[in-house]
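Visitor: Could you take me through one part of this model at close range? I would like to see how its strands are arranged, and then hear a little about the rest.

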Amino acid sequence: MPMSREAGDDSAQPVKTIRLAPTHGWADLRLGDVWEYRELLWFLALRDIKVRYKQTVLGATWAVLVPVATAVVFTLVFGRLAKISSDGVPYAMFALAGLVIWNFFSSSVGTTSLSLVSNTDLVSKVYFPRLCVPIASMVAAFVDFLIASGVLLVAMAVYGVGGGWRMAAAVPFALLAFAVALGVALWLSAIAARYRDVRHVVPFLLQFGLFATPVAYPTSMIDERWHVLYALNPMVGVIEGFRWSMLGTQTDIAVPVLVSTVVAFVVLASGAAYFRRVERTLADVI
Amino acid sequence: MSSPRAIHTEALTKQYRIGVRGYGHDTLRERITQLASEPVRRLTGRRTPPPEGSILTALDDVSLDIEQGEVVGIIGNNGAGKSTLLKVLSRITEPTSGSAEITGRVGSLLEVGTGFHPELTGRENIYLNGAILGMRRAEIRRKFDEIVAFADLERFLETPVKRYSSGMTVRLAFSVAAHLQTEILIVDEVLAVGDTTFQRKCLGRMGEVANEGRTVLFVSHNMSIIQSLCQRGIFMTQGRVVEDGPIDGVVGDYLRSLETLVQQDLLERTDRRGWHRIMVSGVDVRRGDGANPATGDPARFTVTTTGLQPGTTCRITVLSHLGQPVCRMESGNSSPADHTLAAGAADEPAQFVCDVDSLMLLPGRYRVDVQLRGTHQIEDELESALVFDVEPGLVSGRPVPSDVSGAGVVLMDHRWTVPAL
């Protein structure tokens, strides 16, 4: 539905006219609309954050417990038993840093890919830019990531690893992770509106993704020839970059980061376009 | 004297592809084959063309002009396109063709309490629901006390909504909605919920909104509410606007159309809801001796169905001619006095019979909505399946006059003790 505005912000109540008509082909993203509904976005995110740990005993501690416990298991299995190398930092730290960001990806994709379906009542009864739903869901998952990052910082201090100016680079890598996860989730949530198969596919994809991403092992274990191909998985660049900045690993991250960034934006842009395409008749098919 | 336009639609049309959904899939195997083949067909772009009759035109060439400040009631049977029109105008779904121009902010209440989250407190839900309806945070903050006072829930603000009774939830939800300050308000039969005191309060509020010069589009089956709120009526049938004019005339024509509608064979009517594995094929009400029902006499309601599904129950709702529900009788709500009667095969016609010892309806015209339910789903629902007249009669020997205007709709058997000189 393209809209033409004759006046600006409506809080001062200048009356504007919108035009509703069928749209065809690839409609524009109308990010301006999302911005106009930013307060709703905020309230939806707040709802998801508040509801996430309601009626749990440990509450937000779960955000810490999951990556820490997994890191312990990884350290025992891959670090001690399999003796996998860890780019010159203690394996526990290597695994924790990777898991903090991988868990953000997997939990946000897991919840966001079903966000439209679980908000069916909203989507079929009220108008708002539908992009608000997955973005709000991502923001809620991002809060967990921030908590887990705090734990990572504590662990870094305890182990005496990393730190320094490089840590500032972790911020763009976290945002890159957000972009990758949002792009994937936009695709999946739009598909899930019509095909509930997504509910069954996502856990499998995420499990598979964990092995296709350098979480438990370093990229350096893979033959140099395959690095570019490997980095087509955008989470490769994200995780290598995040470790490089937080733990100060001595690896060459230029190639994976470059490849992964390009892939990330392709996924995000195509995901957003596809989402908009589905959005037009979303209320009819969901 | 024409005021500026609020809504203008031009040949607005909305079609749905209904396919076989809801009707077919009698076996799990069929459903699985369809599920397995559909994505492949879609991905390869080799979509089979929709078979004949699989396109449902919910809105058909609707052109309307609504001026600012008009309060318009939209009337029609199930499937007439009222809700689709509201959905398109509230931007929930795009039209298939045609266009609409809307001047002013639109607030739509297609359901009470959309987006309420049971785990959040009353306060949190007010903000969330307000934002969902399109209110600004500052606006909600300004109206917060008013909203809470209207809902009369000051003491429960910090309680999660899941601990609220359903009445409390509705009250909270409606009062958020009632404080929505948009130029255009779109309301779909939301008043059918809540207790009567609160319903009256809401009606009062709706009336105020209407008097504030805001544009209101209102859908209801209750003609007395529509008549008291709206000046203009739009009567829709099968997606088309068939009449548009002053409310009283439109309501009158709508009621007359119901009478012709019930002349039609019930099985041929398309304004029904449900799975339709079994359908209502006939509804009737008679006095014991076969004559027309009369006040105070025994009456027998008979609902004939095309077959039976396990656990089928029948629900009869009697409404006044204007659409105000009067009473409801449900076979699922059983009493020791009920009987069962062995029916034939599952695909043979069956009858639900409901006997009333003494019909306590005042003389006048009534209509009947019928619903058949299986264990988990509605099989068939037909509104205005029957229109009938109740004739004057005797209640415990007391005559009931035929002119009962202002006397309500029901009567109670009673006995006086009067002082005498």
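Guide: Happy to. Let's begin where strand 12 of chain B, residues 299-305, meets strand 15 of chain B: 7 bridges join the two, and they run antiparallel. Keep in mind throughout that this is a predicted model. For one pairing to find on your screen, look at B:T305, whose bridge partner in strand 15 of chain B is B:A350.

Now step back to the sheet that holds this pair. In chain B, 3 strands form an open sheet in the order 11-12-15, with antiparallel pairing. Strand 11 (280-287) and strand 15 (350-356) of chain B each have a single partner strand and stand at the edges, so one side of each is left without a neighbour in the sheet. From one strand to the next, the twist averages 15°.

Chain A offers another picture. Its secondary structure consists of 13 helices and 1 strand, and along the sequence the pattern reads β-α-α-α-α-α-α-α-α-α-α-α-α-α. The radius of gyration of chain A is 21 Å, close to the 19 Å given by the globule rule for 286 residues, so chain A is as compact as a globular protein of that length. Taken along the principal axes, its C-alpha atoms fill a box of roughly 65 × 45 × 40 Å.

Two further values describe the inside of chain A. Of its 286 residues, 45% are buried. Among contacts in chain A with a separation of 6 or more, 76% come from residues 24 or more positions apart.

Methods
Residues are numbered from 1 along each chain as its sequence is written. Chains are lettered from A and ligands numbered from 1 in the order in which they are written. This is a predicted model: local features need pLDDT of at least 70, side-chain atom pairs count only at pLDDT 80 or more; totals for chains, interfaces and linings use all residues. Two strands pair if DSSP finds at least two bridges between them. Helices (H or I, at least four residues) and strands (E, at least two) are DSSP runs, numbered from the N terminus. Axes are lines fitted to C-alpha atoms, for helices over the stretch in contact, and angles run from 0 to 180 degrees between N-to-C directions. The radius of gyration is taken over C-alpha atoms; the globule rule is 2.2 Å times the number of residues to the power 0.38. A residue is buried if 20 or more other C-beta atoms lie within 10 Å of its own, exposed if 12 or fewer, and partly exposed in between; C-beta atoms are placed from the backbone. Two residues are in contact if their C-beta atoms, placed from the backbone, lie within 7 Å.
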